[in-house]
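Subject: Structure handover

Hello,

Here is the structure I said I would pass on. Please open it and keep it beside you as you read. My notes follow below.

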Amino acid sequence: MPGTKEIRAKIASVKSTQKITKAMQMVATSKMRRAQERMRQARPYAEQMRNVLGHLTEANPDYSHAFLVTREPKAVGIIVISTDRGLAGELNANVFRQTLALLREWQGKGATVSLCLIGSKGMNFFRRLGAPILAAVANLGDRPHVKDLIGTVKVMLDAYRAGQLDRLFLVSAHFVNTMTQKPAVEQLLPIEAIDTEGLQEHWDYIYEPDAAGVLDVLLMRYIESQVYRGAVENVASEMAARMIAMGAASDNAGKLINELQLIYNKARQAAITKELSEIVGGAAAV
């Protein structure tokens with residue numbers, strides 16, 4: 001059994017760690033609330049854009065945009081959003097697992113797969129796997145801005161326009177609630193039709209000044225809004241996962257402190273008993 005001095009040092013070390021994890025839990029809780037508010041603000045715009053462009057796939061425009069045309073999937077692009085820091089439980093691992101499943105699925109169909117990575121954890125993970133990476137960006141912070149994503153997303157959109165990609169997917173963490181964050185896969189391009197029930201057979205929007213100019217800008221904004229929404233949701237998911245992970249770490253530290261305290265008490269009692277035995281034995285010898 002270790003001595004009381006070593007046990008006291010161990011208890012002090014664990015208590016110090018517990019203070020750090022509790023502080024990190026409080027910080028994550030505060031940041032999560034702000035991230036949730038940004039997420040709530042980003043969702044309605046992204047969803048409305050999705051509805052409008054989902055309807056456009058069923059329209060009959062004179063101009064057919066490349067983002068609305070379905071091609072045989074010979075090359076697939078995947079935008080992966082991860083965190084820049086760790087200590088977020090299994091958040092990144094679940095996103096990477098979902099990405100690998102999607103990657104293997106399309107490779108099994110004979111398609112080549114290229115990646116666009118947002119977040120340093122994703123960059124470190126997929127670079128080790130040797131997967132082709134077309135674009136990457138990291139260190140977006142706790143308040144990602146769409147301007148920080150435009151350049152990276154544009155690389156994938158340009159590749160799609162040039163015919164180098166036939167499908168484009170987004171994989172990120174979807175914030176369900178504080179306790180639940182799930183990896184989500186969304187097809188960005190070509191845009192899939194949604195909610196077409198009740199639409200007229202032949203219809204279209206009225207474009208000013210022309211369909212080509214309006215659709216090109218609108219579709220660019222749509223992809224950017226979807227990636228930005230994914231980045232904002234990923235931050236909220238990261239903070240929630242870190243809050244839970246640090247809470248669990250603090251609880252485990254408390255349990256370890258109690259166990260060490262019990263061991264310390266036993267060691268101290270054993271030392272006292274030994275001293276008493278020595279005193280009694282000495283007295284009896286006299």
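Which backbone oxygen lies 3.0 Å from a polar atom of the side chain of R167? That of R71. One caution before going on: this is a predicted model.

**Overall picture**

The protein has 286 residues, and 42% of them count as buried. It holds 5 helices and 5 strands. Read from the N terminus, their order is α-β-α-β-α-β-α-β-β-α. Take the contacts between residues at least 6 apart in sequence: 79% of these join residues at least 24 apart. The exposed area is about 15400 Å², with 54% of it from carbon and sulfur atoms.

**Around R167**

R167 sits in strand β4, which covers residues 167-177. R167 is buried, yet it has no salt bridge. Why does it have none? A salt bridge needs a side-chain nitrogen of Lys or Arg within 4 Å of a carboxyl oxygen of Asp or Glu. The nearest side chain of opposite charge belongs to D166, and it is 6.6 Å away. So the pair falls outside the 4 Å limit. Beyond its neighbours within four places in sequence, R167 is in contact with several residues, including T70, P73, W106, Y160 and L189. R71 is also among them.

**Salt bridges in helix α5**

The count for the protein is 11 salt bridges. Three of the pairs are worth a look in helix α5, which spans residues 211-285.

- R221 and E224 form a salt bridge, with their closest N and O atoms 2.9 Å apart. They are 3 residues apart in helix α5, about one turn. R221 is partly exposed at 35% relative accessible area, whereas E224 is buried at 7%.
- R229 and E233 meet in a salt bridge at 3.4 Å, N to O. They lie 4 residues apart in helix α5, so about one helical turn separates them. Both R229 and E233 are buried.
- R242 and E238 also meet in a salt bridge, at 2.9 Å, N to O. They too are 4 residues apart in helix α5, about one turn. R242 is buried, with a relative accessible area of 6%. E238 counts as buried at 6% as well.

Elsewhere, K31, R85 and D142 are joined into one network by salt bridges that share partners.

**A surface patch**

I272, L276 and I279 form a nonpolar patch on the surface. Together they have about 280 Å² of accessible area. I272 belongs to helix α5. This residue is partly exposed, with a relative accessible area of 34%.

Best wishes

How values were computed:
Residues numbered from 1 in each chain as written. Predicted model: local features only at pLDDT ≥ 70, side-chain atom pairs only at ≥ 80, totals over all residues. Heavy atoms only, no water. Helix = DSSP H or I, 4+ residues; strand = E, 2+ residues; numbered from the N terminus. Buried < 20%, exposed > 50% of the residue type's maximum accessible area, 1.4 Å probe, protein only. Contact = heavy atoms within 4.5 Å. Areas by Shrake-Rupley, 256 points an atom, 1.4 Å probe, with all protein chains shown as cover. Lys, Arg positive; Asp, Glu negative; His and termini not counted. Polar contact = N/O pair within 3.5 Å; in protein donor to acceptor, adjacent residues only side chain to side chain. Patch = residues over 30% accessible without salt bridge, like charges linked within 9 Å, V, L, I, M, F, W, Y side chains within 5 Å.
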